[in-house]
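Me: I've got a structure to look at and I'd like to talk it through. Can you help me read it?

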Amino acid sequence: STLNKPCVLINSIDREMVLDSVLPDHRAIGFTAMRYLFEQGHRRVLTMTCLRRETLYARLDGIKEAYRYFHVPFDPLHDLLVTEWFTAEEAEQSLDGWLSKHDRSVWPDVIFPNSTSMTEGVVKALQRHGLRIPEDVSIITTDFTWNLQNRLATPVTGVTVPCRELGIEAVHLLQTRLNRPQAPVYNLLLQGKVVDYGSVSNATRHAARVALDQ
């Protein structure tokens, strides 16, 4: 703003409320992912995240909001695994340690790593424990569309974080600012959407099949 030219922040907010901004609604992205799991009948979910970014705190807030919305108790000691970094190696070690310390009867039905790199490590840990996806355990993640489609050997279901759309909407905000210099400051939040690659089972149908087999 000191340059006297229109400016839009991408994936950030101006705390002084001077500059327009456009960013993903990370709270809504967390809520959407967890709502999808709950609507599939799942209740035992282990969320894996790294809280080194403010956006990940917002996403965790959305996850907790979904628990409240569906009247499911959230126990951070059992439902949350926080890592220092986003690496596949640390995610693999952390999940391997968690599974080793807990009885199989309390293992989660779903693992929810909060990035594609973490998902890579989670898949390796599950394979080492002989768990099939999604027959034995489901996986959902959040990331950019390109990562969901190309980073993993087998894509997993995820909630997309809008990337290309950020640039498009930033241009629109710039155009609005040029046409209406005195318009209110905008903080535009973009929603993600679920992309289904078949890595999340329907727990309700699974329970019905088990009952019929008995």
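Reply: Sure, one term first: helices are DSSP runs of H or I with at least four residues, numbered from the N terminus. Axes are lines fitted to C-alpha atoms over the stretch in contact, and angles run from 0 to 180 degrees between N-to-C directions. This is a predicted model, where local features need pLDDT of at least 70, side-chain atom pairs count only at pLDDT 80 or more, and totals for chains, interfaces and linings use all residues. Residues are numbered from 1 along each chain as its sequence is written, and side-chain values use heavy atoms, leaving out hydrogens and water.

Me: How is helix 1 oriented relative to helix 2?

Reply: Helix 1 covers residues 26-39 and helix 2 residues 54-69. Their axes lie 6 Å apart, at an angle of about 40°. Under 35 degrees would be roughly parallel, over 145 roughly antiparallel, 65 to 115 roughly perpendicular, and the rest is oblique. So helix 1 is, relative to helix 2, oblique.

Me: How many disulfides does the structure hold?

Reply: A disulfide here is a pair of cysteine sulfur atoms within 2.5 Å. For Cys50 the closest cysteine sulfur, in Cys163, is 20 Å away, so that is too far for a bond. Cys163 is in no disulfide either, with the sulfur of Cys7 the nearest at 18 Å. The number of disulfides is zero.

Me: Is Cys50 buried or exposed?

Reply: Buried means under 20% relative accessible area, exposed over 50% and partly exposed in between, using a 1.4 Å probe and protein chains only. Cys163, at 44%, is partly exposed. Cys50 has 0% relative accessibility, so Cys50 counts as buried.
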